[in-house]
Amino acid sequence: MKNKLKRFATSFLPVAENRRGECIRCGECCKLPYPCPFLRYDEQGLSSCAVYRFRPPSCRKYPRTADENVTPATCGFYFVPLTELIPAKEPI
Ligand code: SF4
């Protein structure tokens, strides 16, 4: 529940620029801390949201940062080290 409150409070902040990957519809983030009543699964076991167009920012942006990613084992998103985002210096 603590993590859910944190994600709600920070959901209006931008997604970290070091996030990579994409949602692979595992549905694990829709069970935090209990299964969302709008969570659905198709016959292939892929998740979807019954109110997708109207989902809250905390769902739209999950996982917003590496610290807020509590489903790293299954989530299709991942975070590269921030040092990889620093452009190489031009030779003088
Ligand atoms: S945990 Fe990641 S891959 Fe799984 S449904 Fe949520 S955003 Fe998509």
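**Ala-66 and its setting in the predicted model**

Ala-66 is partly exposed, because 16 other C-beta atoms lie within 10 Å, a count that falls short of the 20 or more required for a buried residue. This description, like those that follow, rests on a predicted model. Ala-66 sits in the loop that runs between α2 (57–60) and β4 (77–79). When neighbours within four places in sequence are left aside, the contacts of Ala-66 are with Ala-16 and Phe-79. Ala-16 lies 50 residues away from Ala-66 along the chain, yet 8.1 Å separates the two C-alpha atoms.

It is helpful to place this loop within the fold. Two helices and four strands make up the secondary structure of the protein, and from the N terminus on these elements follow the order α-β-β-β-α-β. The radius of gyration is 15 Å, well over the 12 Å given by the globule rule for 92 residues, so the protein is more spread out than a compact globule. The C-alpha trace spans about 60 × 30 × 25 Å along its principal axes. Of the 92 residues, 10% count as buried. Among contacts between residues at least 6 apart in sequence, 65% join residues at least 24 apart.

The ligand offers a second point of interest. Around the ligand are 14 residues, of which Cys-23, Cys-26, Cys-29, Cys-75 and Gly-76 come nearest. Sorted by class, this shell contains seven nonpolar, five polar and two charged residues.

Conventions:
Residues are numbered from 1 along each chain as its sequence is written. This is a predicted model: local features need pLDDT of at least 70, side-chain atom pairs count only at pLDDT 80 or more; totals for chains, interfaces and linings use all residues. A residue is near a molecule or strand if its C-beta atom, placed from the backbone, lies within 6 Å of it. Ala, Val, Leu, Ile, Met, Phe, Trp, Tyr, Cys and Pro count as nonpolar, Asp, Glu, Lys and Arg as charged, and the others, Gly among them, as polar. A residue is buried if 20 or more other C-beta atoms lie within 10 Å of its own, exposed if 12 or fewer, and partly exposed in between; C-beta atoms are placed from the backbone. Two residues are in contact if their C-beta atoms, placed from the backbone, lie within 7 Å. The radius of gyration is taken over C-alpha atoms; the globule rule is 2.2 Å times the number of residues to the power 0.38.
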